[in-house]
Amino acid sequence: LIPVYGEKASVFERVISAVAEQDVKFLVVGDGCDERYRSITFRYGGRFIKTPARSGKRNALATGISHVDTKFVLFLDSDTVLPSDGVRRMLSLMDEGVGGVSVNVRNVKTGNTFYLAELIERLKEATMRAVNRSGYAVLLNGKCSLYRTELVRPFILSEEFRNPRFMGRRALIGDDKQLTNYVISRGYKALLDFETTVLTYPPESVKKLYRQLIRWSR
């Protein structure tokens, strides 16, 4: 399940091409947008649906998961490229006690922000490796995470997920952190598969990277 908005066509096609190699069904949700994404999705054998208006990633996920009929669902960002056997390797960790599996993330070597973005990911990885030994990951990364569909579907469709609030005000919690907390609260393990590495595109400018870091900090 891949939500998309404002992604470069060349990046999006690379992502979709890698998904098609996994031999899985895939669905792209255009967040209030259509072409060029629809044509690329159809070219690689996927399904495309569009939300009536742009409403954000959470609502795109909620729209998409209503159409998912498989036991497991992989949420993948539109700028994140899977390795050739990524889905199979993640599925191999999905035993009965596991509710979600995420992966290691590295940056595509492009632009002026690569080295700084990669440093941040490696610092995050060090923390993740230390905590993951307990079987409860700090974070199932929103760029690429696999879940039990019937475990997360009711939560993703809920108002709590689509419009998180705290003491009457909109909460700043990330959708991936919220899903991680939910999986663990339901008695399941949340694991990180460090042997599976996806590639993602870093922000194009230092200013955009700074904004990303502020958003994550909040």
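Which residues make a nonpolar surface patch of about 290 Å²? L116, L119 and L123 do. Keep in mind that this is a predicted model.

## The leucine patch

Let's start with one of those patch residues, L119. This leucine sits in helix α5, the stretch that covers residues 114–132. How much of L119 is open to the outside? Its relative accessible area comes to 47%. Since exposed means over 50% and buried means under 20%, L119 counts as partly exposed. A patch residue needs over 30% relative accessible area, so L119, at 47%, clears that bar.

## The sheet

Now for the strands. Three of them line up in an open sheet, in the order β1-β2-β3, and the pairing is parallel. β1 (2–4) and β3 are the edge strands, so to speak: each pairs on one side only. On average, neighbouring strands in this sheet are turned by 25° against each other, direction ignored.

## How the strands pair

Take β1 and β2 to begin with: they run parallel and are joined over three bridges. Here V4 has G30 of β2 as its bridge partner.

On to the other pairing, where β2 (residues 27–30) meets β3 (residues 47–50), again in the parallel sense, over four bridges. G30 turns up here too, standing opposite K50 in β3.

## From β2 to β3

What links up with β2 and β3 to make a right-handed β-α-β unit? That would be helix α2, which spans residues 37–43.

Note on methods:
Residues are numbered from 1 along each chain as its sequence is written. This is a predicted model: local features need pLDDT of at least 70, side-chain atom pairs count only at pLDDT 80 or more; totals for chains, interfaces and linings use all residues. Side-chain values use heavy atoms; hydrogens and water are left out. Patches are made of residues with over 30% relative accessible area and no salt bridge: like charges are joined within 9 Å, nonpolar side chains (Val, Leu, Ile, Met, Phe, Trp, Tyr) within 5 Å. Accessible areas come from the Shrake-Rupley method with a 1.4 Å probe; for residues, only the protein chains shown count as cover. A salt bridge is a side-chain nitrogen of Lys or Arg within 4 Å of a carboxyl oxygen of Asp or Glu. Helices (H or I, at least four residues) and strands (E, at least two) are DSSP runs, numbered from the N terminus. Buried means under 20% relative accessible area, exposed over 50%, partly exposed in between (1.4 Å probe, protein chains only). Two strands pair if DSSP finds at least two bridges between them. A crossover is right-handed if, with the strands pointing away from the viewer, the path from the first strand over the helix to the second runs clockwise. Axes are lines fitted to C-alpha atoms, for helices over the stretch in contact, and angles run from 0 to 180 degrees between N-to-C directions.
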